[in-house]
Structures are given as structure tokens and as C-alpha cells.
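I opened my notebook to follow one chain from its strands to its charged pairs. I wanted to write down what I looked up in the order in which I looked.

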Amino acid sequence: MDPLIELSTLSAIWLTKIGKISTFSDQITAIFDYIIRNIKIDAVIGHSLGGYLAYHLSNIKRIPALLFMPSFDDNDIKYITVKTSIKELSIFKEKVILIGKRDKSVNKNKQLSILNNLNISEEDIDHDLTDDIFKKYSKIFIREFIIKK
């Protein structure tokens, strides 16, 4: 399906169903659940809380993921409810992960404990994702997991 059609489908869901949900947390959870059930995804990219969601989508759908400074912090993940059964899935290892050496926005110990045994790169950056870093790791991700398929 065309990505723009997918985007408009998600927008329609937001306006007709999810927009009526009162809390931000419920809205994000509803979108996440819809994506899991209804949208075919070949790969996923996420930053911060989006990295947390991309991590789980990768494990659920068994697809490659590019994660930039994923946040597993309790203060961030309170915005979405991920079912325990999803959290307990085996880790799909086709992931490219970048963490920032100067990143003060995430709990690095928690981040590393969850991502252990995965290939993690570190850059001397904070939590902000710059275009050059995005391009650099996107190329690695595409070369490693997308082109070879």
C-alpha cells in the first residue's frame, strides 16, 4: 500500500475513533494497537519514545528496526501501555541502535540493560537527532537489513 494512503488511513482513524479518547496515553496506545493489527510493515525507525515503540514493533512483527536513543524510562513510557505479553517476546535481533554518549534525557543503565546482546553504536551526541547522524545510520540500516532482502 502507498505510504501516503497509510498516513491518511491513520489520520482518519485518529479523527473518527482515537480523537474521541480523552488521554494522550490512550490515543498513543490505540494507534500502536491499530498498527500491530492492521498495517504491514517491512521495517521501522524510531527516536526516543518512538524508539521504544519501534523496539516492540520490531519484536512483534519480526522486522528490522533502526533505533535512535530509545527511551525505556518510566517517565516516558507512561504515555503508552505495552502489554506484558508483548514485552516478554523474544528479541528480534535485526536492529541498528544508536545511543548518545552525552544523552541526559534517558536512563542509560536501563537502556543498556534492555538492549544488551544487541549491536549498539555510540556517538558523542546528546538526545537530539541531527540530519547527518540520521543519514549516516539510515544508510547503515538500509545496507544491512533492507537491500540484502
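These entries go from the strands to a helix, then to the surface and the salt bridges.

**Entry one: the strands**

I began by noting that this is a predicted model. I then asked which strands pair with one another, starting from strand β1 (residues 44–47), and I found that 4 bridges join β1 to β2, the two running parallel. Within this pairing, I45 has L66 in β2 as its bridge partner. I went on to β2 and β3, which pair in the parallel sense, again over 4 bridges, and here L66 stands opposite V96 in β3. Strand β3 (residues 95–100) is in turn joined to strand β4 (residues 120–123) by 4 bridges, and these two run parallel; in this pairing I found G100 opposite E123 in β4.

I next looked at the side chains of strand β2 (residues 65–68), where A65 and L67 point one way, L66 and F68 point the other way, and all are buried. This fits what I had read, that side chains in a regular strand alternate between the two faces of the sheet.

**Entry two: the connections through helices**

I traced the path from β1 through helix α3 (residues 49–61) to β2, and this makes a right-handed β-α-β unit. A second right-handed β-α-β unit is made by β3, helix α6 (residues 108–114) and β4.

Does the length of α3 agree with its number of residues, or disagree? At 1.5 Å a residue, the 13 residues of α3 should span 18 Å, and because the end C-alpha atoms are 18 Å apart, the two agree. I also looked up how covered this helix is, and 10 of its 13 residues are buried, among them L49, Y52, L53 and L57. Just after α3, I noted that R62 takes a positive phi of about 55°.

**Entry three: a nonpolar patch**

On the surface I found a nonpolar patch formed by I45, L129 and F134, which together have about 230 Å² of accessible area. F134 lies in helix α7 (residues 131–146), and with a relative accessible area of 34% F134 is partly exposed.

**Entry four: the salt bridges**

How many salt bridges does a search of the whole structure find? It finds 4, and I followed up several of them, keeping in mind that side chains of opposite charge can pair when their charged atoms come close.

D124 forms a salt bridge with R102, and their closest N and O atoms are 3.1 Å apart. This pair links distant parts of the chain, since D124 is in the loop between β4 and α7 and R102 is in the loop between β3 and α6, 22 residues apart. Both count as partly exposed, D124 at 49% and R102 at 44% relative accessibility.

The side chains of E122 and K108 also meet in a salt bridge, at 3.7 Å from N to O. Here E122 is in strand β4 and K108 in helix α6, 14 residues apart. I noted E122 as partly exposed, with a relative accessible area of 42%, and K108 as partly exposed, with 22%.

I turned lastly to K136 and E123, whose side chains meet in a salt bridge of 2.7 Å, N to O. K136 lies in helix α7 and E123 in strand β4, so this pair ties together parts that are 13 residues apart in sequence. K136 is partly exposed at 40% relative accessibility, whereas E123, at 16%, is buried.

Notes: Residues numbered from 1 in each chain as written. Predicted model: local features only at pLDDT ≥ 70, side-chain atom pairs only at ≥ 80, totals over all residues. Heavy atoms only, no water. Pairing = 2+ DSSP bridges. Right-handed = clockwise from strand over helix to strand, strands pointing away. Buried < 20%, exposed > 50% of the residue type's maximum accessible area, 1.4 Å probe, protein only. Expected span 1.5 Å × (residues − 1). Patch = residues over 30% accessible without salt bridge, like charges linked within 9 Å, V, L, I, M, F, W, Y side chains within 5 Å. Areas by Shrake-Rupley, 256 points an atom, 1.4 Å probe, with all protein chains shown as cover.
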